[in-house]
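Biologist: Please take a close look at the second pocket of this model. Then follow one of the elements beside it into its surroundings.

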Amino acid sequence: MSQYIIETAQLGLRELTADDFEAWHKILSDPETMQHYPKPFDEEKTKGWIDWNLDNYQKYGFGLWAVILKETGQFVGDCGITMQNIHGDGVLYPEIGYHISKDFQRRGFASQAAKACLQYAFEHTENDEIFSYQKWTNIASRKTAEKMGMSFREEYQDEKNTKTSVYSITRLEYYDQSSHPKKHIIPVF
């Protein structure tokens with residue numbers, strides 16, 4: 001039986017654990033990898049990130065999962081679904097997020113993992129729209145959202161990112177553009 005929640009041809013996604021701290025901190029503390037964040041993470045923030053995801057697994061049944069290169073077993077980043085307050089209005093939206101180590105970027109791992117998480121979201125949750133949001137200058141993340149089939153929805157001003165770009169895809173849009181059989185589609189009258 002596989003240890004992975006999601007598998008692609010090259011990647012396995014599994015829950016983060018406290019044992020991932022060292023490998024994960026190396027990624028989150030790297031200024032280049034974290035260039036679109038206010039600053040790289042210190043050890044306390046990295047531990048908090050793992051704890052937040054452990055809590056998400058309990059609360060929602062999903063979170064950001066460790067992305068493992070199956071061929072070597074290397075920890076290359078995270079990808080998964082989290083509930084985010086995108087607009088700062090107190091409403092939580094399901095969002096696919098990802099962070100890939102600079103050593104493994106530009107190999108298609110983020111989009112491969114993100115597409116698998118999108119499929120998982122529509123097959124295992126009742127959410128009818130899945131989002132991806134990022135600092136407006138994060139072109140690579142915007143392209144990953146587009147590779148998932150998401151469309152640009154809006155940009156808004158915020159204190160954290162100066163300006164945030166929001167992409168999303170609805171369940172109907174996803175199944176209309178994919179070869180997956182339609183699941184959980186409720187007609188709207």
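**The second pocket and strand S4**

Modeller: The lining of the second largest pocket holds four nonpolar, three polar and four charged residues (nonpolar: Ala, Val, Leu, Ile, Met, Phe, Trp, Tyr, Cys, Pro; charged: Asp, Glu, Lys, Arg; polar: the others, Gly among them). The model is predicted, with pLDDT of at least 70 needed for local features and 80 or more for side-chain atom pairs, while totals for chains, interfaces and linings use all residues. Residues are numbered from 1 along each chain as its sequence is written, and side-chain values use heavy atoms, without hydrogens and water.

This pocket (an open set of 1 Å grid points where a 1.4 Å probe fits, with protein on both sides within 12 Å along at least five of seven lines; lining residues have an atom within 4 Å of a point) has a volume of about 210 Å³ (the space filled by probe spheres set on the points). Its lining consists of Ala23, Lys26, Ile27, Asp30, Thr33, Gln74, Phe75, Ser101, Lys102, Asp103 and Phe104. Helix H1 (21-28) and strand S4 are the elements that give two or more residues to this lining (DSSP runs: helices H or I, at least four residues; strands E, at least two). H1 gives the most, with three.

S4 is largely enclosed by the rest of the structure, because 10 of its 11 residues are buried (under 20% relative accessible area, 1.4 Å probe). S4 pairs antiparallel with strand S3 (residues 64-69) over six bridges (pairing needs at least two DSSP bridges), and aspartate 78 in S4 is the bridge partner of alanine 66. Four residues separate S3 from S4 in a hairpin, where glycine 73 in the turn has a positive phi of about 80 degrees. S4 also runs antiparallel to S5, joined by eight bridges; threonine 82 has glutamate 95 in S5 as its bridge partner.

Key: Buried < 20%, exposed > 50% of the residue type's maximum accessible area, 1.4 Å probe, protein only.
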